[in-house]
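Student: I'd like a close look at one part of this model and how it fits with its surroundings. Could you walk me through it in one go?

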Amino acid sequence: MAHLHQGIQRLLGQFGIKISRIDAGTSRPLPDVLANHPVPDANPVWPLPRGNKAMTNDRIRQDFGRYEAWHYAYEFEGGLSFPIKTAFPGPLTDLVQRPLLRYRHFMPYLLQACGGSLQGKRVLDIACNSGFWSVQCALLGANVVAFDARPELIEQAELIASIVGVENIEFRQLDFWEMRPENLGGTFDVVLNLGILYHLPDPLEALRLTRKMARDCILLDTEIYPSRKATIRLRWEEPRAIRSANRSGIVALPSKQSLELMFRDIGMRSWSEVPLHTGEMPRDYLDGYRASWLIKV
Ligand SMILES: C[S@@+](CC[C@H](N)C(=O)[O-])C[C@H]1O[C@@H](n2cnc3c(N)ncnc32)[C@H](O)[C@@H]1O
């Protein structure tokens with residue numbers, strides 16, 4: 001039955017139609033942002049520009065080679081490209097197009113919520129990994145602060161930013177639980193909470209801290225527990241790959257319903273799930289194991 005339901009949702013999704021059960025208790029839609037269909041497309045800057053002319057191909061290859069693992073594949077102008085590098089392959093994370101498809105999924109809505117541009121906005125990129133999102137936002141004119149718990153990822157992110165030649169990003173090594181305005185130079189117009197919630201043990205507290213960082217918008221993108229009930233699944237995670245939690249321990253996977261209850265409990269002003277408008281998305285989004293929200297604080 002669940003498969004049939006998902007199949008129908010996916011089919012209708014290809015025509016831009018989405019059926020949702022409305023729970024009057026939890027939903028607080030963002031009429032101004034998501035009612036305005038269709039939102040204009042937004043595409044990542046890809047391949048990445050080579051703004052730093054002093055960095056030769058050989059030098060870049062050498063710098064990439066210093067790291068055993070790369071979470072994203074990178075492509076630069078002039079045909080220079082690097083694959084995902086991991087000792088822990090997986091069908092979802094090994095999809096080279098994954099960040100580009102995610103960008104086309106939720107960035108149009110974020111841009112629309114920000115009046116069409118990130119120019120001059122202060123953006124926080126939580127758990128930035130090697131800086132894919134930070135660099136894209138910097139290329140859109142944002143002033144970005146980004147952090148990750150893993151020092152080697154901060155080095156990688158600095159390398160990417162220096163090849164591209166963007167200077168409007170400050171990368172920091174920081175643990176999520178140390179995130180507060182006084183540690184990061186104040187609050188932000190936009191907070192990117194992408195791919196991190198399900199690597200943490202306490203989603204309610206994590207969302208509370210995220211809210212404290214934001215003065216306008218949060219973009220949340222997370223794996224979810226596929227239940228219609230307000231359920232949280234606990235599981236154990238080891239810090240084995242550079243995309244994982246940074247310590248061994250319990251991590252929590254909330255369902256959509258439980259996430260929306262949390263938004264309400266925290267007092268978020270309004271929120272909407274970003275609709276799937278194309279079947280050209282990674283399977284976890286299409287099959288209801290991952291979703292994104294635009295939240296106004
Ligand atoms: C799945 S990757 C997501 C990367 C990126 N935000 C995205 O969505 O494409 C998870 C990232 O979270 C980082 N991370 C895990 N636990 C963390 C913590 N406690 N504090 C800060 N970063 C953490 C990892 O190092 C990794 O870069």
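Tutor: The buried residues of α5 pack against two helices and several strands, namely α4 (98–113), β3 (122–126), β4 (143–148), α6 (151–164), β5 (169–173) and β6. Bear in mind throughout that this is a predicted model. Helix α5 itself spans residues 132–139, and seven of its eight residues are buried. Those seven are F132, W133, S134, V135, Q136, C137 and A138. Just after the helix comes G141, with a positive phi near 95 degrees.

Now step back along the chain into the loop that leads to α5. A127 sits in this loop, between β3 and α5, and has a positive phi near 55 degrees despite being a residue other than glycine. A127 is buried because 25 other C-beta atoms lie within 10 Å. N129 belongs to the loop between β3 and α5 as well, and its phi is positive too, about 55 degrees, although N129 is not a glycine. With 24 C-beta neighbours inside 10 Å, N129 therefore counts as buried. A127 also has a role in the ligand's surroundings: among the 18 residues around the ligand, the closest are A127, A149, F176, L194 and G195. Sorted by class, that shell holds 10 nonpolar, four polar and four charged residues.

With the helix and its loop in place, look at the strands on either side. β3, α5 and β4 form a right-handed β-α-β unit, and the two strands of that unit run parallel, joined by five bridges. One pairing to find on screen is L124, whose bridge partner in β4 is V145. β4 is mostly covered, with five of its six residues buried. The pattern then carries on: β4, α6 and β5 make another right-handed β-α-β unit. Here β4 pairs with β5 in the parallel sense, again over five bridges, and A146 stands opposite F171 in β5.

Follow the chain further and you reach β6, one of the elements that α5 packs against. β6 covers residues 188–194 and pairs with β7 in the parallel sense over six bridges. N193 has L220 as its bridge partner in β7. The connection between these strands runs through helix α7 (residues 203–213), and β6, α7 and β7 make a right-handed β-α-β unit. β7, residues 214–223, is mostly covered, as seven of its 10 residues are buried. With β11 (residues 290–296), β7 pairs in the antiparallel sense, over seven bridges. To locate that pairing, look for T222, which stands opposite A291 in β11.

β7 is also a good place from which to view the nonpolar core. The largest such core has 72 residues, and L219, L294 and I295 have the most contacts inside it. Its largest share, seven residues, comes from α6, a helix already met as a packing partner of α5. Leaving aside residues up to four places away in sequence, L219 touches F106, L110, V190, L192, N193, L194, S292 and L294. As a general point, nonpolar side chains in soluble globular proteins tend to be buried together.

V190 gives us a link to one more residue worth a look, C114, in the loop between α4 and β3. C114 and V190 are 76 residues apart along the chain, yet their C-alpha atoms are separated by 8.5 Å. Beyond residues up to four places away in sequence, C114 touches K121, V190 and C217. C114 is partly exposed because 19 other C-beta atoms lie within 10 Å, whereas 20 or more would make a residue buried.

Finally, here is the wider setting for α5. The protein chain has nine helices and 11 strands, and buried residues make up 36% of its 297 residues. Among contacts in the chain with a separation of 6 or more, 71% are between residues 24 or more positions apart. Another backbone feature to look up lies elsewhere in the chain: the peptide bond from W46 to P47 is cis, with omega near 0 degrees. P47 is in the loop between α2 (31–34) and α3 (57–65).

How values were computed. Residues numbered from 1 in each chain as written. Predicted model: local features only at pLDDT ≥ 70, side-chain atom pairs only at ≥ 80, totals over all residues. Buried ≥ 20, exposed ≤ 12 C-beta atoms within 10 Å, placed from the backbone. Helix = DSSP H or I, 4+ residues; strand = E, 2+ residues; numbered from the N terminus. Pairing = 2+ DSSP bridges. Right-handed = clockwise from strand over helix to strand, strands pointing away. Contact = placed C-beta atoms within 7 Å. Near = placed C-beta within 6 Å. Nonpolar A, V, L, I, M, F, W, Y, C, P; charged D, E, K, R; others polar. Core = buried A, V, L, I, M, F, W, Y, C linked by C-beta atoms within 7 Å.
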